[in-house]
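Good morning, colleagues. I should like to take you through one structure, element by element, and I ask that you keep the display in view as I speak.

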Amino acid sequence: PRAEAGATARTITWTDPASGLRVSAEARLYRDYPAVDWTVYLENTGAHDTPLIENLQALDMTLRSGYQRTPLRIRQLHGDACSEGSWQPFTTTLEAGKRYHMAPTGGRPANSTASPWFDLEYAELGLIVAVGWTGQWAADFARKETGPTHFQVGQELTHFVLHAGERVRTPRILLHHWRNDRGRAHQQFRRLMLFQIMPRAEGRPVRLPLAIQCFDRYVGRPDWATEAGQLRYVEAAKRLGFDSVWLDAAWFPGGFPNGVGSWRADPRQFPRGLKPVSEACHERGLKFIVWFEPERVAAGSDIAREHPEFVHGGARGGLFKLDDPQARAWLCDLLSQRIGDYGIDVYRNDFNMDPLDFWRRSDAPDRQGITEIRYVEGLYALWDELRRRHPGVIGKLPRNGVPMKTTIR
């Protein structure tokens, strides 16, 4: 064990001498909270491919729901479907002898059909479960006729061999247990996320901006997405008491959505780039937020034309290959340059497409799930590198309503 801020960390490793497959679990036990989280890594230390690895679960446990007449309640949220039903709570009661499956839709972790935070409640006992995986996760429950419940959480599809020297990871799992007082447990859980999980700025949890932004202005005010329009907008934000100005999807050639993949200021609307807007913000003590959607590439955009090899879908457009280290390094350099050149204080990353079909179409029959793993790892590596290069910049990454600032990875 080793001491970390507010936690004790442990690494447990198992190695199969026949195949060279090494499995390592890196866990943290939080000192001030009844909580633990862990991530499992698999590495092929041998000289040949491993045997087939399938149905890999980050969590596989039996719940002590032994009295069959007492229901097990799964308290969860609807995922984000851009509707009035988004994020609404509901409860599923799992009776003895029943099964239940939950998973999001299309590869985004809170898309439509599930949210990666949920509660399990049995009599006076409970668990808060958080799944740290910006991809297609799934949870399965099978309650026996006698009462106990088999509970699994992991990446939805895994069926692959690992090549020599290859290493992959599972989703990160956090469990926070409680007894009797569910409301107090959620207060503790929020404090845990705020003080132990979220990134920090200047030694304190990041304070989210109070920003002025309205997408509808693109249609209602033709001059809105221009340098002159944005400078008036800065003045309005200051008068109204906001601390940040949010320039959404209207600053690049082609606009939204046809221009995604052309990450440069439209020279007709912003002939001097975005720096005059950020300078106006900073002169008034405001932060400057700029919208990007780098994972989606439109046909005809800069990336589709100049680097089709970096796109799942090629010149026709599609999903940027964050699973490709060369493509990811190129994108990181581009985004980093824009953050610096434009004076961006808060980098806002949107994502308006489902990646799952792109991932699965890219996998060989004996490598199912690998592209998704590499993509999710690549997304986290991109964010880590942008934070390293720009430590004072706040990142905001909604994935169907789930900001990266409050997800565990």
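Strand β5 pairs with strand β14, residues 159–160, in the antiparallel sense, over two bridges. Within that pairing, E54 has H159 of β14 as its bridge partner. I should say at once that this is a predicted model. The two strands belong to an open sheet of three strands, ordered β5-β14-β26, and its pairing is antiparallel. Why is one side of β5 and of β26 left without a neighbour in the sheet? β5 (53–54) and β26 (367–368) stand at the edges and have a single partner strand each, so one side of each lacks a neighbour there.

Let me turn to the strands β2, β3 and β4. Strand β2, residues 7–15, and strand β3, residues 21–30, are paired in the antiparallel sense over nine bridges. W14 has V23, in β3, as its bridge partner. The two strands form a hairpin with five residues between them, and in the turn G20 has a positive phi of about 80 degrees. β3 also pairs with strand β4, residues 35–44, again in the antiparallel sense and over nine bridges. Here E26 stands opposite T39 of β4, and the hairpin that joins β3 to β4 runs through four residues. As a reminder when viewing these strands, side chains in a regular strand alternate between the two faces of the sheet.

Next, helix α3. This helix covers residues 227–240, which makes 14 residues. At 1.5 Å a residue it should span 20 Å, and its end C-alpha atoms are 20 Å apart, so the model agrees with the expectation. Which residues of α3 are buried? They are E227, G229, Q230, Y233, V234, A236 and A237. The cover over these buried residues includes β19 (211–212), β20 (244–247) and α4 (275–283). Just after the helix, G241 takes a positive phi of about 90 degrees.

I come now to the nonpolar cores. The largest has 96 residues. Those with the most contacts inside it are F118, L120, F141, F151, W251, W263 and L274. Which helix supplies the largest share of this core? That share, nine residues, comes from helix α8, residues 370–389. As for L274, setting aside residues up to four places away in sequence, its contacts are L247, W251, A265, F288, V290 and Y342. There is also a second, separate core of 13 residues, with Y30, I128, A185 and F189 among them.

Helix α8 merits a closer look. It has 20 residues and reaches 28 Å from its first C-alpha to its last, close to the 28 Å expected at 1.5 Å a residue. Its buried residues are I370, T371, E372, I373, Y375, V376, G378, L379, Y380, L382, W383 and L386.

Finally, the cavities. How many cavities of 30 Å³ or more does a search of the whole structure find? The search finds two. The largest holds about 80 Å³ of space. Its lining consists of I339, Y347, W383, L386, R387, H390, V393, I394 and G395. Two or more lining residues are given by each of α8 and β27 (394–396), and the largest share, three residues, comes from α8. Helix α8 thus returns here, having also given nine residues to the largest nonpolar core. W383 and L386, which line this cavity, are among the buried residues of α8.

Thank you for your attention.

How values were computed. Residues numbered from 1 in each chain as written. Predicted model: local features only at pLDDT ≥ 70, side-chain atom pairs only at ≥ 80, totals over all residues. Heavy atoms only, no water. Core = buried A, V, L, I, M, F, W, Y, C linked by side-chain atoms within 4.5 Å. Buried < 20%, exposed > 50% of the residue type's maximum accessible area, 1.4 Å probe, protein only. Contact = heavy atoms within 4.5 Å. Pairing = 2+ DSSP bridges. Expected span 1.5 Å × (residues − 1). 1 Å grid on protein atoms, 1.4 Å probe; cavity = no way out; pocket = protein on both sides within 12 Å on 5 of 7 lines; lining within 4 Å. Points joined across faces, edges and corners; volume = space filled by probe spheres on them.
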